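Work through these short exercises with the structure open. Try each task before reading its solution.

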Amino acid sequence: MAAAQAANLVEKAVGHSGNATVTTDVSNYYGEYGQETGEKIKATIWAGKNQVEVVEMPKPRVVDEGDVLVKVTGSTICGSDLHLYHGVIPQLEKGDVLGHEFCGIVETVGPGAKKVKVGDRVVASFPIACGECRNCKKQLTSQCERTNENTVTNAMYGKRTSGIFGYSHFTGGFAGGQAEYVRVPYGDVNLLKLPDDVPDEKALYLSDVLATSYHCVVDTGVTEGDVVAVWGAGPIGQMVSSFSFSQGASRVILIDGGDSAWRLDFVQSKIPKLETLDFTKLPKGESITSQLKKMVPGGPDVALDCTAGEYAKGWAHYFEMLLGMETDTSEMLNEMITSVRPFGRVGVTGVYAGYTNHFNIGALMQTGVRLIGNGQAPVQKYWHYLLDQIRKGEINPLDMVSHRVRLEDMDKLYELFSNREGGIQKVFVQTKHSAHPSPGSPALVDL
């Protein structure tokens, strides 16, 4: 938290770099960026560490020519949102509207928007891209050069990511989709029109989880016959396991434990050929690495990180993170590096924000392990293919979805999701604009 506050002060003192071609830091719709009169909207805001609130604020308005205003019909919560909830992502400010996954109906288009039309059903990409810069033209839309002018990000990473909805001023300061309305910059680039035969409960997850999972698998290079170990049995880990099999993996081993151990059974019920490893039930003296070597002589070919750098297992990292001596723990990365076979591959999709201690770089170098930072997924690169897979029945996003809840219950949802309680895997968050549940999707529940 102290580091996040310091980053805010540095950014304000130094100022932005001026590379953005859209208006950034519109993280809520109070003041000049909201409509002065008319209806108010409900939106989920960050209110401090481990605190979110659903509040009323003005409806957004068109700010830039390419803006599109979307009436939200579905949103969700992501494991990445918990990093915000816990206050570990730099430059989050009280009052910022959260949520980077949403779908809805186009209500208003700016004069520069030519492809999307009022009334279109759409899903948004969580990274915000311009469509014209060098990276966008290479389909690396999550690394757009024109939608995030944050100076601290550039100093830390040597480059910037694109802007991201609902994910702090570190990624541009754009209000998110856990709300009834959203302003979408460059709407022609960042919205995908949806066909009538794909309901919101399936289309919503094109916004992030499906593209992120698929990118993790193909970017790390899972191929025919590979044995794949996956750390983390949340929705990303579930879909990564499924996509690994579809890419030809011979075996997939899913690892989780503690308060999240129940998720192993949930995922295995959807993917029966999956193997699981509960790290809280290891024999005395055994580790994840030693257990995997017994399950796979020589070690898996590929290890995929679907967790994050936030979750310390040992006391050393716990206290170092608590004292601000590091932002992320290297424990799971070290497990992956020592678990895979020589010249194996480690793909990192779980969110890491900054710096870590005690990283086993010797094992990485000496055994030839390929460490691949998958980065934020370039959603637009994959969403046409993934939409087609949904339409063909090759992917069923509802396999992830355990609950349907109201936007008004977001404060309770964050707490339950953070504590891994209530059997919550992936949710569909409805607003007053949502249609009735489609066949096969969970019924609405009160939290």
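**Exercise 1. Decide how enclosed strand S1 is, then find its partner.**

Solution. The model is a predicted one. Start with strand S1, residues 40–48. Buried means under 20% relative accessible area. Seven of the nine residues in S1 are buried, so the rest of the structure largely encloses this strand.

Next, look for the pairing. S1 pairs with strand S2, residues 51–58, over eight bridges. The sense is antiparallel. Pick one bridge to check: Ile45 has Glu53 of S2 as its partner.

Last, inspect the turn. S1 and S2 make a hairpin, with two residues between the strands. Asn50 sits in that turn and has a positive phi of about 60°.

**Exercise 2. Trace the six-stranded open sheet and place a helix on it.**

Solution. Write down the strand order: S12-S11-S10-S13-S14-S15. The pairing in this open sheet is parallel. Now find the edges. They are strand S12 (275–278) and strand S15 (370–373), each of which pairs on one side only. Neighbouring strands of the sheet are turned by 20° against each other on average, direction ignored.

Zoom in on one pair. Strand S10, residues 227–231, runs parallel to S13, and four bridges join them. One bridge to check links Val230 with Leu304 in S13.

Then add the helix. Helix H7, residues 209–220, packs on the sheet. H7 touches S13, strand S14 (345–348) and S15. The direction of H7 makes about 150° with that of S13.

**Exercise 3. Locate Tyr311, classify its exposure and list its contacts.**

Solution. First, the place. Tyr311 lies in the loop between strand S13 (302–305) and helix H11 (315–322).

Second, the exposure. Partly exposed covers the range between the buried limit of 20% and the exposed limit of 50%. Tyr311 has 28% relative accessibility, so it counts as partly exposed.

Third, the contacts. Leave out residues up to four places away in sequence. Tyr311 then touches Leu82, His83, His86, Thr329, Glu331, Met332 and Arg420.

Fourth, a distance. Leu210 is 101 residues from Tyr311 along the chain, and their C-alpha atoms are separated by 23 Å.

**Exercise 4. Describe the span that UniProt lists as a domain.**

Solution. Take the record first. An unreviewed UniProt entry lists residues 65–195 as "domain: Alcohol dehydrogenase-like N-terminal". Now turn to the model. The end C-alpha atoms of residues 65–195 lie 26 Å apart. This span is 17% helix and 24% strand.

Note on methods
Residues are numbered from 1 along each chain as its sequence is written. This is a predicted model: local features need pLDDT of at least 70, side-chain atom pairs count only at pLDDT 80 or more; totals for chains, interfaces and linings use all residues. Side-chain values use heavy atoms; hydrogens and water are left out. UniProt positions are given in the numbering used here, feature names are shortened, and annotations may be inferred rather than shown by experiment. Buried means under 20% relative accessible area, exposed over 50%, partly exposed in between (1.4 Å probe, protein chains only). Contact means heavy atoms within 4.5 Å. Two strands pair if DSSP finds at least two bridges between them. Axes are lines fitted to C-alpha atoms, for helices over the stretch in contact, and angles run from 0 to 180 degrees between N-to-C directions.
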